[in-house]
Amino acid sequence: MYSHHLKLKTVKTTIALTIAAVCAFPAAGMAAADTAGDSKPPAVSTTEQYGRNWANWIQSHAYALDRIQPETSVKGVIEKDRFKDLEFLKPLLIDKKLVYLGENTHGAAEYSSSKVRLIQYLHQELGYDVIAFESGLGNASAALAKSADSTPEQMMKEAIFGVWWSKETLPLFDYIKQTLATDKPLILSGFDMQIQSPYSEFVRDWIGSRDAKLAGTFADAEQELGDWSFSEDEAGYAKVKPRLLETYESMKTFVKENADKLKADYPRNPHLIEMTQRVLDDRIEVIRTYTEANIRSNIALKKNDISPFRETVRMRDEMMANNLTWLAEQIYPDKKIIVWGHNVHIRKKNSAVLNSGYTGLSLMGESMPARLKRQSYVIGLYTYQGEAANNMGQSYPIVKPERGSLEDILKQHGHPYTFVDIKYRKDKPGTSWMFEPRLSLDWGLMQESFIPRDQFDGLLLIDTVHAPSYMRGKPGSQ
């Protein structure tokens, strides 16, 4: 499968993007300027008076979560009093169609646990009926279609990227499966355009009984297209490109001509045909433009040139924004959606973040249409200390945040789980930190600088995190 993180694991460069992408971390205290050329974050105000104002404000206005572990549900229902500590979210989200749940690393157990509990609350108490992952659109769609015959673990592993295959994420899929048997289901979806191998297996089983040859050709094309993402052979790809396009165009035609019969195979997902057609359109766009950009990126990265790689990131996020917009307006126009993804993808103005490998790039959150931005609430997740894991599952220590940094300010609340609303605040002595450039740690490692209120609407600090308890292998194995 494609992976912007794994792709750079052999590139030996000190550029910040490389470290953020593969999570090959520097020593604690490594200066940000050492990893991003001559770019330095703007100076930040850390006077004692400002510090006292900020600490006093945080202690008076931040919200403390009682716990972050997912709640136990019975037939998809959780006792209402289990969510008393989250009631503060109601006035913040009352008019929001989209709630984004971020994370500054994919490898923190407590992030997944807290997000699962938040999703349970948002679904049960605030009427959010769709959970959309930063994972394959087709994979999540197929997992939903097969949900009646799948275990929660199977659903998880077939729907989302392996970075979230953990015991901390699993309760969400148990909850989803329970709700699907009620009149208030939590609908599983994805919005990424990257290839995940289980999808070809689903299509081969689904299409194969009607056209075994086409199904086999499609599965082969999925594997081949994924392989080309790691290639450096521009001429070779140019030769196979027409054949790959023909395969996906043929599949589009077949799905369209057999839509009614194919739809009847999986009634659990009434939008399966539309989702499949959307996936095929994404693949065709990948064949036409993205794969060639990927090949150019592979060549350039050997020379420590990240410009072509940055272009592939931009292309991916543009397609993700288009997919999420399509889900919100075409597939689920009357439903409220929860979005699960990395802070980098969901923040509102990524191009303005300084000292980041993605500085200057308009990524998914920034690329969403203004009409949906007005209906959104974006929550960034951060930690102060502990241990996380990179995308290969390797553990690393969180770097200690600097005094006056975003994490340091939030920690002044003195609770293990602190939430701060910054969307509905005015610039005052106690809140000035929201309106000024702040240092923060992407992946808990790499210093970057941004104005918090320009990027997020709310912030959740988990004081201490640990690496996830991963569930590797096929469903049912460890």
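This tour visits a series of selections in a predicted model.

**Stop 1: strand 3 and its partners**

Begin by selecting strand 3, residues 128-136. Of its 9 residues, 9 are buried, so strand 3 is largely enclosed by the rest of the structure. Next, add strand 5, residues 336-340, which runs parallel to strand 3 and is joined to it by 5 bridges. To see one point of contact, display Val-130, which stands opposite Ile-337 of strand 5. Then add strand 4, residues 187-192; strand 3 and strand 4 also pair in the parallel sense, over 5 bridges. Here the residue to display is Ala-132, whose bridge partner in strand 4 is Ser-189.

**Stop 2: the hairpin of strands 9 and 10**

Move now to strand 9, residues 438-442. All 5 of its 5 residues are buried, and strand 9 is therefore largely enclosed by the rest of the structure. In a regular strand, side chains alternate between the two faces of the sheet. Show the side chains of strand 9: Arg-438, Ser-440 and Asp-442 point one way, while Leu-439 and Leu-441 point the other way. The residues on both sides are buried.

Extend the selection to strand 10, residues 446-450, which is antiparallel to strand 9 and joined to it by 5 bridges. Arg-438 stands opposite Phe-450 in strand 10. The two strands form a hairpin, with 3 residues between them. In that turn, select Trp-443, which has a positive phi of about 60 degrees.

**Stop 3: helices 12 and 13**

Two packed helices are described by the angle between their axes and the distance between the axes. Select helix 12, residues 272-301, together with helix 13, residues 307-331. They pack at an angle of about 170 degrees, and their axes are 8 Å apart. Because angles over 145 degrees count as roughly antiparallel, helix 12 is described as roughly antiparallel to helix 13. By class, the residues of this contact comprise 13 nonpolar, 6 polar and 6 charged.

Before leaving, select Asn-304 in the loop between helix 12 and helix 13. Its phi is positive, near 60 degrees, although Asn-304 is a residue other than glycine. With a relative accessible area of 39%, Asn-304 is partly exposed.

**Stop 4: the largest pocket**

Which residues lie nearest the centre of the largest pocket? Select Lys-157, Glu-158, Ser-197, Pro-198 and Glu-201 to find them; they belong to a lining of 22 residues. The space in the largest pocket amounts to about 420 Å³. Colour helix 5 (137-145), helix 6 (152-159) and helix 8 (198-208), each of which supplies at least two lining residues. Helix 8 gives the largest share, with 5 residues. Coloured by class, the lining shows 11 nonpolar, 5 polar and 6 charged residues.

**Stop 5: two single residues**

Select Ala-215, which is placed in helix 9, residues 212-228. Is Ala-215 buried or exposed? Its relative accessibility is 0%, so Ala-215 counts as buried. Add Phe-202 to the selection: Ala-215 and Phe-202 are 13 residues apart in sequence and 9.8 Å apart in space, C-alpha to C-alpha.

Finally, select Lys-75, found in the loop between strand 1 (63-64) and helix 3 (89-93). Lys-75 is not a glycine, yet it has a positive phi of about 55 degrees. Its relative accessibility is 70%, and therefore Lys-75 counts as exposed.

Definitions and conventions: Residues are numbered from 1 along each chain as its sequence is written. This is a predicted model: local features need pLDDT of at least 70, side-chain atom pairs count only at pLDDT 80 or more; totals for chains, interfaces and linings use all residues. Side-chain values use heavy atoms; hydrogens and water are left out. On a 1 Å grid over the protein atoms alone, a cavity is a set of points where a 1.4 Å probe fits but cannot get out, and a pocket is an open set with protein on both sides within 12 Å along at least five of seven lines; lining residues have an atom within 4 Å of a point. Grid points are joined across faces, edges and corners, and a volume is the space filled by probe spheres set on the points. Helices (H or I, at least four residues) and strands (E, at least two) are DSSP runs, numbered from the N terminus. Ala, Val, Leu, Ile, Met, Phe, Trp, Tyr, Cys and Pro count as nonpolar, Asp, Glu, Lys and Arg as charged, and the others, Gly among them, as polar. Axes are lines fitted to C-alpha atoms, for helices over the stretch in contact, and angles run from 0 to 180 degrees between N-to-C directions. Angles under 35 degrees count as roughly parallel, over 145 as roughly antiparallel, 65 to 115 as roughly perpendicular and the rest as oblique. Buried means under 20% relative accessible area, exposed over 50%, partly exposed in between (1.4 Å probe, protein chains only). Two strands pair if DSSP finds at least two bridges between them.
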